[in-house]
2 protein chains.
Amino acid sequence: MNERQTSSGSREVTSSQAEQTRTALIRAALNLFGQKGFDGTSTRDIAAAANANIGSIAYHFGGKEGLRLACAGFIVETIQRIAGPAMAAAAVPGEGERGEAAAMAQIDAILQRMVGFIVAEPQAGEIVQFVLRELSHPTAALDAIYAGVFEPVHRRLCAIWAAATGEEAEAEETRLRVFAIIGQVVYFRIGREAVLRRMGWSSIGLTEAARITGVITENVHAIRGAVKGRSS
Amino acid sequence: MNERQTSSGSREVTSSQAEQTRTALIRAALNLFGQKGFDGTSTRDIAAAANANIGSIAYHFGGKEGLRLACAGFIVETIQRIAGPAMAAAAVPGEGERGEAAAMAQIDAILQRMVGFIVAEPQAGEIVQFVLRELSHPTAALDAIYAGVFEPVHRRLCAIWAAATGEEAEAEETRLRVFAIIGQVVYFRIGREAVLRRMGWSSIGLTEAARITGVITENVHAIRGAVKGRSS
DNA sequence: TGACATTAATCAATCGTTTGATTAAAAAGG
DNA sequence: CCTTTTTAATCAAACGATTGATTAATGTCA
């Protein structure tokens, strides 16, 4: 009942009217859920923001809960699309110090991307907010996001960190270390309001993001140095 | 209408019946707000959990919004009470390397306390959750929490960090650095669900908190070393 | 007694969902 | 090729339930 027909051959592949309605609802819901929370958002607001009818939500997604799950799917697709390239294997340039330096350079690039996206990007704010709410109140939507984003990204970062330090990628310590590094980035979004007030900033744009990236990059390099120098 | 009487002299100082109702409502609200969010919590649930009548909320706090503000006040009092001693001036034992080592030792102690409280303490979870929700959706309650907790704690940490590194306490870089350090701790609460799944943990107790503290402490020491060694 | 506190009942408003009618387009039949 | 039938999609309207707030009556102490 919910699935669009994919029947005979000669049919317009590009967004049917129904597809437009679906994506409009998802976009609106993602925005409102992130901004006012799931419970704080009414289906009427979503429908109005999407220029769709209230009944469309039940028709296309089975209800408000189904729409939330669809938002999670949209997020997974989006993140995989924009974060995939930066996380790619980078054709491991070799073992030894050459490889370590290359891995560290990749970490720098990823950090810059992460800060730019998570902290500064305005259009990504709704996604981050949505995920943060899911993290503090897990539903089935989090399962999809964890499996599609958190798990693969964290695992990849652990591998790169291992390549940069010589540690074991899946060691408990490495996994915790990577979480701590991610935390440095993410907190500037979670604690955004506190950061703005304490720093006297009115917003976090490119300039402020660059300052944040500088400090965090310096931190990560220091940590890497300590971990590496520990073996001696 | 909202204020409790503080009338004649010979009155039992210990919790009057009204005072009990007030604190019961605040405790219940704090718990439920943190668990299900402000919009997700009904005044009926709060009253039921506090064994009080629905009307009591309007009577004592003027409404649901007033109760949220009262929760913020309760949080400020609580944090100041349990975090105050650890943050205290520690009677600065002197300048030079002696002072730096002492400051670093105090940072270690504070880190351990912070992780233990923010990440592991179950009864503090509701407070953290409440604050996190306020951070992502600021109301007047956040103003109280920022002024009573965030600002003084962050400022104090900056001062201690300055004493441990020789940097300037209120420099932009120092403030950002302290935020990054706090972020390492806080993320293990925000991303709790993701951490649990990735680490294969079923909960974060004393054992897990100790592992986290170990990694973060190592990180902070590495960062301090890099910042100090930079001047050469 | 009189001010404070609690209670049950009720209010209008809003919630998510469901309904039946309507439209447009594709499928089927000859 | 034209007609008939079926299906997908949207819409306005209304549903029952729940929301925060208010009220008037009652209870409770000093």
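## The surface near DNA strand D

Which helices each supply at least two residues of the surface near DNA strand D? There are helix H1 (17-36) and helix H3 (54-61) of chain A, together with helix H2 (43-49) of chain B. The largest share comes from H1(A), with three residues. Keep in mind that this is a predicted model.

In total, 16 residues surround DNA strand D. The closest are Thr21(A), Tyr59(A) and His60(A), along with Thr43(B) and Lys64(B). What part do sugar and phosphate play among the atoms of DNA strand D that come within 4 Å of the protein? They account for 58% of those atoms. The residues of this surface can also be sorted by class: nine are polar, four are nonpolar and three are charged.

## Contacts with phosphate oxygens

Residues of chain B approach phosphate oxygens of DNA strand D. Lys64(B) uses its side chain: a polar atom there lies 2.5 Å from a phosphate oxygen. Thr43(B) uses its backbone, with a polar atom 2.7 Å from a phosphate oxygen. Thr41(B) also uses its backbone, placing an N or O atom 3.0 Å from a phosphate oxygen. Thr43(B) and Lys64(B) are also listed among the closest residues to the strand.

## Helix H4 against helix H6 in chain B

Now turn to the packing of helices in chain B. Helix H4 (residues 64-87) and helix H6 (residues 125-136) have axes that come within 11 Å. These axes cross at roughly 125°. The pair therefore counts as oblique. The crossing of H4(B) with H6(B) is left-handed.

Which residues of H6(B) does H4(B) meet? They are Ile127(B), Phe130(B), Val131(B) and Glu134(B). From H4(B) come Arg68(B), Cys71(B), Ala72(B), Ile75(B), Thr78(B) and Ile79(B). By class, this contact has seven nonpolar residues, one polar and two charged.

## Helix H1 against helix H6 in chain B

Helix H1 (residues 17-36) of chain B packs on H6(B) too. Their axes are 8 Å apart, and the angle is about 60°. H1(B) is therefore oblique to H6(B). This crossing is left-handed.

The H1(B) side includes Arg27(B), Leu30(B), Asn31(B) and Phe33(B). Gly34(B), Gln35(B) and Lys36(B) take part as well. Facing them in H6(B) are Glu126(B), Ile127(B), Gln129(B), Phe130(B) and Arg133(B). How do the residues of this contact divide by class? There are four nonpolar, four polar and four charged. Ile127(B) and Phe130(B) appear in the contact of H6(B) with H4(B) and also in its contact with H1(B).

Key:
Residues are numbered from 1 along each chain as its sequence is written. Chains are lettered from A and ligands numbered from 1 in the order in which they are written. This is a predicted model: local features need pLDDT of at least 70, side-chain atom pairs count only at pLDDT 80 or more; totals for chains, interfaces and linings use all residues. Side-chain values use heavy atoms; hydrogens and water are left out. A residue is near a molecule or strand if one of its heavy atoms lies within 4 Å of it. A polar contact is a pair of N or O atoms within 3.5 Å; within protein, one must be able to donate a hydrogen and the other to accept it, and residues adjacent in sequence count only if both atoms are side-chain atoms. Helices (H or I, at least four residues) and strands (E, at least two) are DSSP runs, numbered from the N terminus. Ala, Val, Leu, Ile, Met, Phe, Trp, Tyr, Cys and Pro count as nonpolar, Asp, Glu, Lys and Arg as charged, and the others, Gly among them, as polar. Axes are lines fitted to C-alpha atoms, for helices over the stretch in contact, and angles run from 0 to 180 degrees between N-to-C directions. Angles under 35 degrees count as roughly parallel, over 145 as roughly antiparallel, 65 to 115 as roughly perpendicular and the rest as oblique. A crossing is left-handed if the near helix is turned anticlockwise from the far one by less than a right angle, and right-handed if clockwise. Contact means heavy atoms within 4.5 Å.
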